[in-house]
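Welcome, and please open your viewer. We will take a short walk through this structure, one selection at a time.

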Amino acid sequence: MAPPDTVSIVEVGPRDGLQNEAGSIPLAAKLALLDDLGAAGLTRIETGSFVSPRAVPQMADSDALFAALQRRPGVRYAALTPNLRGLERAIAAGADEVAVFAAASESFSQRNLNCSIAQSLERFAQVCTAATRQGIPVRGYASCVLGCPLEGAVAPRQVTEVVGALLEMGCYEISLGDTIGTGTPGSMQRLLDELLPRFGAQQLAVHCHDTYGQALANILVALQAGIATVDASVSGLGGCPFAPGATGNVATEDVVYMLRGMDIECGVDLDALLLAAGNICRALGRPTHSRAGRALAAAADA
Ligand code: HMG
Ligand code: MG
């Protein structure tokens, strides 16, 4: 199938990226990142998490972050909500959208959410009902779709069940999380062969961590299957504190570079995105993980 003409990028750096930082990040640096990402043309930005501050201390200031945010018109600022308490915090903070996050592997569900998949789906159904009543869109994640840090291989059938349950409870889109980045174009294709006869490509997104360097290849497979929503993290920041060893998401710069080369519109200004990446990397005191970012910086210096 020909890839889509337009792709929607969901920028997850402020959440998935920063949740995995060892040190605490000043609120001002988070605010500057959100401003820079909006200026680069990103219109869907996962901004924070209303989870237990004990579980993920780096997201404990999400209430303050939303309160101080200089909202840019046309940008949807989203947040993770694991339960009704999280939803209440998200509503009080003025999040435009929330996300629930189930796992396709039982062990990862226990580690990440301290409950079984079935229990998590019950909680998420409550979140969906309450959010929908308030007119707040809910996005769903299915994690570990191409592998689990504890169980290894995950059968596509398990993913189908979780995706079906999340859609049925009212999530408008399900992001397929390769949480530990072990997937390959082969396993991504097999997963999509299982999912796409049952669900529409427009109901699905891909969320590829790049631990094994497979993320762009996996995204290309998804684009060729008609999926037009891609999660990415500026400068490849991130990982999951409950999946040790997993590196960040695919870098947004690398995705934008690839899409540009394929004549696929995504509305993101690559030069402005490189500035955003440079600023957050300086704030964190580390080099970018983006290959395109490094190459473009070197070419500009030459
Ligand atoms: P629990 O211990 O089973 O729940 O945790 P609990 O209800 O017993 O609460 C435990 C403590 O958390 C209590 O505080 C609650 O008040 C508090 P304490 O009495 O110990 O001081 N609490 C909360 N505080 C603030 N906001 C809340 C909230 N809920 C409870 N909403 C729970 C269950 C789900 C809360 C916990 O396990 C948790 O917060 N987990 C967070 C997991 C997480 O954020 N993981 C990273 C994001 S997922 C990810 O990265 C994957 C993804 O990127 C996709 C992919 O890559 O595949 C999305
Ligand atoms: Mg993730």
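## Stop one: the ligand and its contacts

Start by selecting V51 together with ligand 1: a backbone N or O atom of V51 lies 3.3 Å from a nitrogen atom of ligand 1. Keep in mind as you look that this is a predicted model. Now add G86, where again a backbone N or O atom is involved, 3.2 Å from a nitrogen atom of ligand 1. Then pick N83, whose contribution comes from the side chain: one of its polar atoms lies 2.9 Å from a nitrogen atom of the ligand. How much of ligand 1 does the protein bury? Taken alone, ligand 1 exposes 1100 Å², and the protein buries 76% of that.

## Stop two: the shell around the ligand

Next, widen your selection to the residues surrounding ligand 1; there are 28 of them. The closest are R85, R89, N112, N114 and T179. Try colouring the shell by class, and you should find 12 nonpolar, 11 polar and 5 charged residues.

Which elements each supply at least two residues of this shell? Highlight α1 (13-17), α4 (84-93), α5 (106-113) and β5 (138-143) to see them. Of the elements, α4 has the largest share of the shell, with 3 residues.

## Stop three: the largest pocket

Hide the ligand for a moment and look at the space it takes, which is the largest pocket. This pocket holds about 580 Å³ of space. It is lined by 33 residues, and to find its centre you can select V51, P82, F101, N112 and L113, the closest ones to it. V51 is a residue you have met already, through its backbone contact with ligand 1.

The elements giving two or more residues to the pocket lining are α1, α4, α5 and β5. Here the largest share, 4 residues, comes from α5. Coloured by class, the lining divides into 15 nonpolar, 12 polar and 6 charged residues.

## Stop four: an enclosed cavity

Bring the ligand back and move on to the last sight. How many cavities of 30 Å³ or more does a search of the whole structure find? The search finds 1. About 70 Å³ of space lies in the largest cavity.

To see its walls, select V10, R44, I45, E46, R76, A78, E97, A99, R139 and Y172. Three strands each supply at least two residues of this lining: β2 (44-49), β3 (76-80) and β4 (97-103). Show β2 on its own to see the element that gives the most, with 3 residues.

Finally, colour the cavity lining by class. Which classes appear there? The lining has 5 nonpolar and 5 charged residues, and no polar ones.

How values were computed: Residues are numbered from 1 along each chain as its sequence is written. Chains are lettered from A and ligands numbered from 1 in the order in which they are written. This is a predicted model: local features need pLDDT of at least 70, side-chain atom pairs count only at pLDDT 80 or more; totals for chains, interfaces and linings use all residues. Side-chain values use heavy atoms; hydrogens and water are left out. On a 1 Å grid over the protein atoms alone, a cavity is a set of points where a 1.4 Å probe fits but cannot get out, and a pocket is an open set with protein on both sides within 12 Å along at least five of seven lines; lining residues have an atom within 4 Å of a point. Grid points are joined across faces, edges and corners, and a volume is the space filled by probe spheres set on the points. Ala, Val, Leu, Ile, Met, Phe, Trp, Tyr, Cys and Pro count as nonpolar, Asp, Glu, Lys and Arg as charged, and the others, Gly among them, as polar. A residue is near a molecule or strand if one of its heavy atoms lies within 4 Å of it. A polar contact is a pair of N or O atoms within 3.5 Å; within protein, one must be able to donate a hydrogen and the other to accept it, and residues adjacent in sequence count only if both atoms are side-chain atoms. Accessible areas come from the Shrake-Rupley method with a 1.4 Å probe; for residues, only the protein chains shown count as cover. A molecule sits in a cavity or pocket if more than half of its atoms lie within 2 Å of its grid points.
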